[in-house]
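Here's a walk through the salt bridges, strands and surface charges of one protein model. Take a look at the sequence and the fold before reading on.

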Amino acid sequence: MGLGAHLVVMKPILMALLFISAGLAGCLSEDEETSSTVEAIFDYDPDNNIRTGMEIDFDGGASLPSGASLTYKWDFQDDGSYDETGRKVTWSYPDSGSYDVTLTVSDGTNSNSQTRSIRVIDADASEPSAEPGTFSPNSDCDGESVSSGNYYVVYICEMDRSTSSKNILATTTVTLDGSSSEPGSSDEYISEWEWDLDLLRDEDGDGDPKNDADLTGESVEWKEVSPGEYKIALTVTNGAGLTSIDETVVYVNYVGKWNDFAIGGNTSNSPVDIEFSFQVVQDSDSGNTIRWAESELVYLKEDADCTDVVLGDESNCRAKIDLYGFNSTDEEAGNTSAIGKDQRSYGDCDSDTDCVGLKFSGSYQFAESNWKDGEWTFTVRNNMVNDLEIESLTIRLSYK
């Protein structure tokens, strides 16, 4: 083969290599550009209730790229000129007002700036006092008295439920009242009430998860609240711009009762089950932790029309119905089957009824190390041949 033929063959190969090299070069330059992105990020302390003459510590250490050799320039006067340099600096303002603070960082090639507004108030201004309020009803769903304290406790009472619905999905509206908050002095006033309903989530991205304004107003309605324990916070701001924050807890308990229904008999060597489902929460991180979940079953000792035509044994008319509890993955957590017929006096039974109860503790059964929380079921089970009459089934979910 001649030299010309070699050149013809090599030419496409060289072109392909050039295209591949160019592509790789493009990828490398993109990676280098991404890894060297410069972003100015700074925090300051204190971040509220800043007074005239107070020293404010500014820190740009969160700027990117982390660990890079960056220069830091600070503009505290919003005039385009730099007042301080360095990653950490201190500044104070002699006069009250709102100020824009700008940090500019550079790696020698690229630069970036962040601007944040801060409010400075008079040194002698009075601080307000946040008071998120309290509430306790006179009685619970069963008519028992309820203790009060520095918290809200609310009951969802569904005392005559139909068996056409056996899921506990009820919610309620909680009225939160911050009217007892104080502005700080007689010549001051409260200009803002801000309610944060989730103290773990920082919705406004300011680094403080306890000051998000989920609801605003002196008195607000928190709607569609499920049974649970909720830690919330109220932030109030007075006319001078000073703020105060205080936390409280809202407990929402539930009681549901199903009255006068029947359960079929076991005629095929398979028990008859009626399942009632409910949600429980045992979240230690958020502080939403159930204390206990309880079911109470009341049924007639003997069904009025019960006869045993096969054996002629009237003792078979003595009813026995049991409760079973299952977790969210259908593992059995407990049952009442071992309780004898003559020991069924759980709660307040009369001479014609038997009563059994099944109670699960939040710190044990619903714990992460045990059967965990989620959607559980209380199951009413009839192993007997006869259809049986149930006077009531009550489910209680207690968070307080």
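Let's start with a charged pair: the side chains of aspartate 142 and arginine 396 meet in a salt bridge, at 3.1 Å from N to O. This pair links distant parts of the chain, with aspartate 142 in the loop between S8 and strand S9 (152-161) and arginine 396 in strand S24, 254 residues apart. A salt bridge here means a side-chain nitrogen of Lys or Arg within 4 Å of a carboxyl oxygen of Asp or Glu. Strands are DSSP runs of E with at least two residues, numbered from the N terminus.

A word on the ground rules. This is a predicted model, so local features need pLDDT of at least 70 and side-chain atom pairs count only at pLDDT 80 or more, while totals for chains, interfaces and linings use all residues. Residues are numbered from 1 along each chain as its sequence is written, and side-chain values use heavy atoms, with hydrogens and water left out.

By the salt-bridge rule, the count comes to 16. Three of them are listed here.

| Acid | Base | N to O distance |
|---|---|---|
| aspartate 142 | arginine 396 | 3.1 Å |
| glutamate 158 | arginine 161 | 3.5 Å |
| aspartate 322 | arginine 344 | 2.5 Å |

How covered are these partners? Buried means under 20% relative accessible area, exposed means over 50%, and partly exposed is in between (1.4 Å probe, protein chains only). Aspartate 142 is partly exposed at 37%, whereas arginine 396 is buried at 15%. Glutamate 158 is partly exposed because its relative accessibility is 25%, and arginine 161, at 13%, is buried. For the pair of arginine 344 and aspartate 322, arginine 344 is in the loop between strand S21 (332-335) and S22 and aspartate 322 is in strand S20 (residues 321-326), so the pair ties together parts 22 residues apart in sequence. Arginine 344 is buried at 3%, and aspartate 322 is buried at 5%. Salt bridges with shared partners also join Asp142, Glu294, Glu296 and Arg396 into one network.

Back to S24, the strand that holds arginine 396. S24 is mostly covered, with nine of its 11 residues buried. Strand S15 (residues 243-263) pairs with S24 in the antiparallel sense over nine bridges; two strands count as paired if DSSP finds at least two bridges between them. In that pairing, glycine 256 stands opposite isoleucine 395 in S24. Strand S19 (residues 292-300) also runs antiparallel to S24, joined by eight bridges, and the bridge partner of alanine 293 is leucine 397.

Glutamate 389 lies in S24 (residues 388-398) too, and it counts as partly exposed because its relative accessibility is 36%. It belongs to a negative surface patch with Asp160, Asp260, Asp348, Asp350, Asp352, Asp387 and Glu391. Patches are made of residues with over 30% relative accessible area and no salt bridge, with like charges joined within 9 Å and nonpolar side chains (Val, Leu, Ile, Met, Phe, Trp, Tyr) within 5 Å.

Now for a separate sheet: five strands form an open one in the order S2-S8-S7-S4-S5, with mixed pairing. Its edge strands are S2 and strand S5 (84-85), each pairing on one side only. S2 (residues 50-51) and S8 (residues 111-121) pair in the parallel sense over two bridges, with isoleucine 121 in S8 as the bridge partner of arginine 51. S7 (residues 97-106) and S8 run antiparallel and are joined by 10 bridges. S7 and S8 form a hairpin with four residues between them, and glycine 108 in the turn has a positive phi of about 100 degrees.

Conventions. Accessible areas come from the Shrake-Rupley method with a 1.4 Å probe; for residues, only the protein chains shown count as cover. Lys and Arg count as positive and Asp and Glu as negative; His and the chain ends are not counted. The place of a charge is taken as NZ of Lys, CZ of Arg, CG of Asp or CD of Glu.
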